Structures are given as C-alpha cells and as structure tokens.
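Biologist: I am new to this model and would like a close look at a single part of it. Please say beforehand how confident the predictor is, and then describe the part you choose.

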Amino acid sequence: MKNYKEIFWQEILPRLEKPTRYLGNEVNAQIKNHEQCTMRIALVFPDLYEIGMSHLGLKILYHLLNERPQWVAERVFMPGADLEKIMREENFPLCSLETVTPLAAFDLVGVTLQYELSYTTVLQMLDLAGIPLLAADRSESDPLVVGGGPGAFNPEPIAGFFDFFVIGDAEEVLPEIVQVLEEHKNLSRQERLLRLVALPGVYVPSLYEAQQTAAGTFLKLAPAHPSAPARVRRAVVADLDEAYYPTDFVVPYGSIVHDRLVLEIFRGCSRGCRFCQAGMIYRPVRERKKETLRQMAQKMVRSTGYEEVALSSLSSGDYSAIGELIQDLSADLAGEGVFLSLPSLRLDSFSQDLARQSQQVRKSGLTFAPEAGTQRLRDVINKNITEAELISAVRDAFAAGWTNIKLYFMLGLPAETDDDLLGIVHLVQQVLNTYKQAGGKGRPQITVSASVFVPKAHTPFQWFGQIPEAEIRRRQDLLRRHLRLPGVHFQWHGAEMSLLEAAIARGGRELVPVILRAAKLGCKLDSWDEHFRFDLWQQAFTENGLDLAACAQRQYALTDPLPWDHIDAGVSKRFLQREYERALKGETTKDCREGCLGCGIALLLDKENRGVCINENLD
Amino acid sequence: MRIWIEFALRESLRFLSHLDLMRTWQRALRRASLPLVYSQGFNPHPRMAFASALPVGATSLGEYVDIQFAINITDKEMAALQAELPAGLEILQWRVVPKKAPALMSIVKAAEWSVKVPDDQELPERVQKLLQSASLPIVRRTKRKVSTIDIKPYLYRLELKPSGRLEMLLAMGGTGGTKPREVLELLQIPAAGSDLVRQKLLLAAGPYLQSPMAVLLKEKEVFFNAKADYYQL
Ligand code: SF4
C-alpha cells in the first residue's frame, strides 16, 4: 500500500486552509498499529470536522470500540472544499484522521445518520473513498457499511446504500456486532450479514422486499429470508448509569461548534411533545446518578483540561435532582477554573430555585422552547406549558442576571392559524415587558427562532404532511413583519431546506435513486447554505418521476401502511394513533413520569429494568 | 508565581494558530492540575501571554510564554506540565520573573529565522544585492490601506549557508519590523518557504540583543551586538 500518511502530511496538509482539523493526533486521540488489530472500524460523520467532533454519539462509540486493544476505531469526516478538490484532482482517497488509512481498507464503516440533509454527504464520502455507493455493487473486498442514529429509524430512503443499519442505542450492540464480524471474518458478506440479523437493532435491508397491494400501492416491507425478523426491534441501553461513557474525550486543537465537555445526564424524554422524534425514539427516560455524574465530570476535566462542562439531555431541567446536581457540580468545578453550562435547559422546567443555583453557571444565554404561540396550539402539540409559567420563568432568568434569551418556535404545525403566529409576537412582547418590569437595564437580547415543522417518522405527527412552500414563506413573512421590535432578533430557516428534509424524512425506498442522483449531480453538505442546491434536488426528484413538494406534503391516513412500519422503535403505533387523535381534539397528555401511559416501550425492556414503565400497553 | 518558559514547537503543531496554541497550553496546564491566576471580571481568563505569535506553518526552537501560577513552581511541576503537553511542544527552560516584569510582547525586538531555500544559482547574487541596497521598499496591504515601507533598517542580518538554508535576523515588535515572508518575496523565493524555523527570540537590552532568559539572569551574557556584528553584513 502507498504511504498515504507521508503523502498527505508532506504534500497535501501544508496547502490546506485549516490543517488542524486533519491532524488526527489531538490529545486523547487513539492511535494504534493496524497490523496488531483484528478489526478496523471507520467512524464516519457526514459533515465537517467541527460539526462531527461536536457530536456525542460518535465520541461514545469511538472510545467504546477502542477500549478493546485488538480493535481500532478511527474518525473520518467530510473534507473541506479545498481538500475535496485536491483529493478528486490528485486521486487521493478519503482517509481516516488518525493513521491516514483509506476508508476502503477498513473492515467496517459506521456512519452517523444525524439528519436527512447529510445523506448526500455520505455518498460523496463513499465516492471519495472509492467504495461503491450501492450496497449491491460492493465486492467481497469492500468494507461493510452500517448506518445508525436517528436517521436509521426510517432507513428506507437510504436503504440501498447500507449493508445494514443499527436501530437504537448503538453502544448497546455495536461491540457485539464487531465481535460477530471478527469471528466470521472469512465468511462472505451475505453470510456475515446473516449472522448479524439475530442481534437486537440490526436491520439488513437487502433481506426485505416491498410487497404491494392488489391495487399496486405499497403494503409493507417483508422479510425475504427466513432469518430476517418481521420487525426489527430497537436496541436499548436499559441502565444508563451502568452504561459505558468515555471520560477521555479527544481535545481538538482548533475550535469546534460545541467546544466543551458534554455530560449526558439522562437519555429520553417523557414530556411527549407530539412533533418530537427524539422524544419518542429515545424513550424511556434513563438517568445517571448524581454521584456518577460528579465523578465523570472530574475525570473528564482531568483528562482533557477543558474549561467548560455542559450538561446534556433533551431537557436538562427535568433531571430529577437538577438543583442539587448543578450546585454540587459547580462547586466541584469551580476549584478547577471550569465553567458549567446548561445549553439544553428549557423554559419548561426553569424555576426560581434553578435560577439561583445557576448563579455560578456561565450565563451564555438561555434557550426556551415554547414551540407555539397560543395555548390552543400548544395543547395540540402537547407542549404543556402556560403563558404564565413561561413569563414567570423568564422573569426569574432576568432576575438571576440573564439578558440573553433564545425563544424557539415552530411554524407550520398542524392546525396552525395566523392567530397562533400572532400569539408568538404577543409572547415576545410579554417577554420584553417582563424585562422592563424586572428592572433590566438597556435592551435584552431576545433571539426568536422559528423553524419549519417537518413531520418525522415514529411521532404522533407522522401522518401529517408539511404545509406548501408558498404558505411557509407567507407565514415566515408575517412573523418577520411583526417581529421588528427593539432588542429582538428574528431568525428563520430556509423554506427549501425544510421542504427537502420533509420530502426525505417520511419517504420509502423510492427515494434511493433520487438521493443517488442528487449526489451524482453534485449535492453535498445540504444543510450548509453555501452548498445547498435546491434546483439540483428538484431535478433529481423529477428525473425519477417524483415531485419533491408532493413528497413533503404527503398526508398519510391513519390506516395507511407506512414505509417504516417494520422498524419497531418501541413506542407502539396504537399509542401514536391515539396521540394523533388527541391532538386533533386539542387534548393534552400528561408527562408519563406522573403515571405510565403504556406507550409500548416497556416491552423492549427486561422486567427488572422497567423503572417507571409499568404498563405494557395502552390501558 | 510568575514564570517565563522557553519552549520549542515542532512537527504538526506548526499548523496551530495562535489561538489554538493558547488553548493547547491552557488545557495542558489544567490536565497537569497546575492552578493559574485568573483575571477578574465576568469572563475570567488565565494570566498567560506569549511573546509573539508564530506564523502558521513555522516551527520554533525558542518561543516564550509568560504564565502566572497560583502556586509555587519547581522542576516537579514543570515535569508534570511537560508530560501533558502534546508531542511537538517541549519545554526548554524556565525561570521565575519578578511580578513587575514587563510583558514579553512589549520588549521582544528581533527574531532569528532559518529557512530552507530551493537550489538556485542566482540566489547568492540576489542576497548580495539585497544587502547592498540602500533601501528595500515593500508594499504592505491591510484591509484599510496600502502603504510602502522600507524594510532595510529591519534586516539586521542575512546569510545564505552552504547547507542551503537562509538565515535571517529580523527586527520585530512595536518599533517596526519585517517578516521572513517579506524578505523571501524580495528574493523571489516562493512564499510557501517550506521548513521555516524561528531559531530564537531576542530582547533589546541597552544596545544589545539578548535572549529573554539571559536578560533575566542579569549576567549580561551578550549574545551579540546588533550594530557591530550585523549591520556590517
Ligand atoms: S412505558 Fe410508560 S412511563 Fe415508560 S416511556 Fe412509555 S408511557 Fe412513559
């Protein structure tokens, strides 16, 4: 094999704009001798280094796999435009960071599927690596390509590109997967995949075939091989407190997007917001104990020297002893000159007490997510907070010294009217007034962000279509006109990106050729404004006989078969249907920590690990 | 306790920006559990400063950093710090400095550089011409303006070694200076100038240029007399 490392370091690196992202020898990077390893795993994050290195899941898997001395896991990110150009012009393959080993030389390529808009980047990376894009075209010498992360919960739009998927908590099954592959190294691809299907969370798309109804419409994806299960059950880490968590995070040289240590305090969320995929697919809530977290934080700071630790979860204020946790952690860390920050602290759970606790916490800005502007619409989406609670939380935050507040809303939610949008404006005005009343000096900095609702698989809103593009623009415009207020900065998201996201998120296998075509047309890094080419995407849809807008707006009936029905995320379809119906009636559903609703998750858990999940099914 | 550390920066760390280097040191200090003195205020930062930013891509055999520790420092602490620095950063020597010592940044006066230059028959002649010219005007562009500056007074020494390396002693700091890149441009050497090394940083001590450590030792160890040795070249 060519000495890729030498060529890269001598001839390529000095020409790059940001060389530090390609060095691969950061503090705590795991550099091993491949010749002494039995399994080589490339962990691919389909975005730039600065984004990928900010992602927790990747860090967990990286260190978990490298714990085994005979396995080596290395990181691979999408190269910047300058390096990509050099690679294509000079025929230099995509390589891992640590040892500059071509991606194609690994045994297993694991891809994080964080968002739909990264799918073409996955294909560009495979292309740069010289790995055939379609799993069916890969030869025995090519690595197996596995995808995991939230994107794997509706794997069909990208089914053709992956040899298999891991549904659920990858840290639960990936070591087992690698072990099986290690034991059966000499078997053919097909044989190896057949050994994997028995493991929880493993979905091998080539073992399934689409069946059609008599009328020729989609019926279901059914196993085409006796060993493939009819439904693939999500892998779950039952006891998070006992679960593996690295403390020796890699320390990047340059600054990355989330440049701090991440302390995952719990996984899952019990609030049951009906639009939220994370709130459904990461159930149930699993907490780490306070003492465990304190020890982890200490170790992390010692091994990395980072100056900031951030609590992470879907809604950190919901941690059962959040006040004590903040108090103890900030006391522990203050001695080391380290800040504590709470990026995911949501208004829902912000209290005076918490505000006081947070005195020692870096006031980097608080994020509050009311999501909708009126009580009526908040009831529809099951965002159980009232305006009074909201205002009181904001008042506490102002009193505790915050001046910088971010309010997150969603636009285009089911049943949304202009009154709901004006409700957002009204809320923002209330927040401004509260600031004055709280005796705040000058102007607060209120950032109002309105994203466009994208219906996602495995949520109660999975049956809804997205609103048409023109309507998105009209609503954005309405908000923009009304939010020209002093101290208020309004942010909105490109309608076209949301449209594409929606078109892919609930699609089926018919999208495989579309995404392939888009990549061939040059699409990549679609979530970056400067790379996003909506025209090329539209072309890719049209050439395959599909209409992008129609896919995004597609409305499913409650009884329709869905392309992801064979993926068992744990939450039952019956539960989602009931939540859908309650939404239409504007009925809220309580937080399930106050009483189990029988969402179906319990069936995924061993009897002794069910915690609050006591009901197996809807009562 | 306030100390100056002289360190070498080698290998891949030459790609670090000044800010990256600052972070790298701060994190190594925290890993070594060496408490620092922090500035007061809303966003406290450690009292720590480098003598001069090294251009990205250059290595160095004599960088300086000034750090205020909240504890007493001995060789033991320095060994602990060295153990936490990434490969490519090496502590060469360190000395305690008086609390009131000026900031290194304000007293560095010159730097010695060495760079590998491509084989070129005509290069010696160009070097000679440069040394003999009465003035060396160059054009500098900033975002706001374009100006012409004579860098001749800043070129203390220039010598092409038989080894194929060009050695330069160039003024820097508040009273004006020039960078290796500018001299290389005048010599029509491609800017990429591979293997640029900053050999040492020098302070002005009276009429002399001395190493910061030598100034600290107050031994009047004269490295060289700028006027006598270098202007003549
Ligand atoms: S099983 Fe019950 S408690 Fe557990 S996540 Fe579902 S509804 Fe909540």
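Modeller: In this predicted model, chain B has a mean pLDDT of 86 (the predictor's confidence in each residue, from 0 to 100), and 90% of its residues reach 70 or more. Residues 219-233 of chain B fall below 50, yet this stretch has 33 contacts (heavy atoms within 4.5 Å) beyond near neighbours in sequence. Where pLDDT is low, the predicted coordinates should not be read in detail. For the complex, the predictor gives an ipTM of 0.86 and a pTM of 0.92.

Two conventions apply. Residues are numbered from 1 along each chain as its sequence is written, while chains are lettered from A and ligands numbered from 1 in the order in which they are written. Local features need pLDDT of at least 70, side-chain atom pairs count only at pLDDT 80 or more, and totals for chains, interfaces and linings use all residues, while side-chain values use heavy atoms, with hydrogens and water left out.

The part I choose is a sheet in chain A. Helices (H or I, at least four residues) and strands (E, at least two) are DSSP runs numbered from the N terminus, and two strands pair if DSSP finds at least two bridges between them. The sheet is open, with 6 strands in the order β2-β1-β3-β4-β5-β6 and mixed pairing. At its edges lie β2 (71-77) and β6 (202-203) of chain A, each of which pairs on one side only.

Within this order, β4 (residues 144-148) of chain A pairs in the parallel sense with β5 (residues 164-166) of chain A over 3 bridges. A:Gly148 has A:Val166 as its bridge partner in β5(A). Helix α7 (residues 189-196) of chain A packs on the sheet and touches β4, β5 and β6 of chain A. Its direction makes about 30° with that of β4(A), with axes fitted to C-alpha atoms, for helices over the stretch in contact, and angles from 0 to 180 degrees between N-to-C directions.

Strand β3 (residues 108-112) of chain A also pairs with β4(A) in the parallel sense, over 5 bridges. Here A:Val111 stands opposite A:Gly147 in β4(A).

Why is β4(A) described as largely enclosed? In β4(A), 5 of the 5 residues are buried, so the rest of the structure largely encloses this strand. Buried means under 20% relative accessible area, exposed over 50%, and partly exposed in between (1.4 Å probe, protein chains only). In a regular strand the side chains alternate between the two faces of the sheet. In β4(A) both faces are covered: A:Leu144, A:Val146 and A:Gly148 are buried on one side, and A:Val145 and A:Gly147 on the other.
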